[in-house]
Amino acid sequence: MSSIDLFAAASPWRTFRWYRGQRHYSGTYWSATMRDHVIYESRLELAEAPLR
């Protein structure tokens, strides 16, 4: 099995968590490059994300 196949079969190791009253704002945005939703954990992370 090639390293590409291993990467394609991998699962995310971080989970997307949120709760009422949290101090940061998590969410998702549609990435045309990824052709999928991308998760961000804070507004700072969203501001630094390459939105293409």
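**Exercise 1. Locate S31 and state whether S31 is buried or exposed.**

Step 1. S31 belongs to strand 1; strands are DSSP runs of E with at least two residues, helices are runs of H or I with at least four, and both are numbered from the N terminus. The model is predicted, so local features need pLDDT of at least 70 and side-chain atom pairs count only at pLDDT 80 or more, while totals for chains, interfaces and linings use all residues. Residues are numbered from 1 along each chain as its sequence is written, and side-chain values use heavy atoms, with hydrogens and water left out.

Step 2. The relative accessible area of S31 is 4%, so S31 is buried. Buried means under 20% relative accessible area, exposed means over 50%, and partly exposed lies in between (1.4 Å probe, protein chains only).

Step 3. The S31 side chain reaches the backbone nitrogen of M34 at 3.1 Å.

**Exercise 2. Sort the residues of strand 1 by face.**

Step 1. Strand 1 spans residues 27–31.

Step 2. G27, Y29 and S31 are on the covered face. T28 and W30 are on the uncovered face.

**Exercise 3. Describe how strand 1 pairs with strand 2.**

Step 1. Strand 2 covers residues 36–40 and runs antiparallel to strand 1, with five bridges joining them. Two strands count as paired if DSSP finds at least two bridges between them.

Step 2. Opposite G27 in strand 2 stands Y40, and opposite T28 stands I39.

Step 3. The two strands form a hairpin with four residues between them.

**Exercise 4. Which residue in the turn has a positive phi, and is that residue buried or exposed?**

Step 1. The residue is R35, in the loop between strand 1 and strand 2.

Step 2. Its phi is about 55°, a positive value, although R35 is not a glycine.

Step 3. R35 has a relative accessible area of 69% and is therefore exposed.

**Exercise 5. Trace the surroundings of Y25 and E41.**

Step 1. Y25 lies in the loop between helix 1 (3–9) and strand 1. Its relative accessibility is 53%, so Y25 counts as exposed.

Step 2. Leaving out residues up to four places away in sequence, Y25 touches Y40, E41, S42 and R43. Contact means heavy atoms within 4.5 Å.

Step 3. E41 sits in the loop between strand 2 and helix 2 (43–48). With a relative accessible area of 31%, E41 is partly exposed.

Step 4. Y25 and E41 are 16 residues apart along the chain, and their C-alpha atoms are separated by 6.4 Å. For E41 and T28, 13 residues apart along the chain, the C-alpha separation is 8.7 Å.

**Exercise 6. Summarise the protein chain as a whole.**

Step 1. The chain has two helices and two strands, and along the sequence they follow the pattern α-β-β-α.

Step 2. Of the 52 residues, 13% are buried.

Step 3. The chain exposes about 5,200 Å², of which carbon and sulfur atoms supply 57%. Accessible areas come from the Shrake-Rupley method with a 1.4 Å probe, and for residues only the protein chains shown count as cover.

Step 4. Among contacts between residues at least 6 apart in sequence, 11% join residues at least 24 apart.

How values were computed:
Polar contact = N/O pair within 3.5 Å; in protein donor to acceptor, adjacent residues only side chain to side chain.
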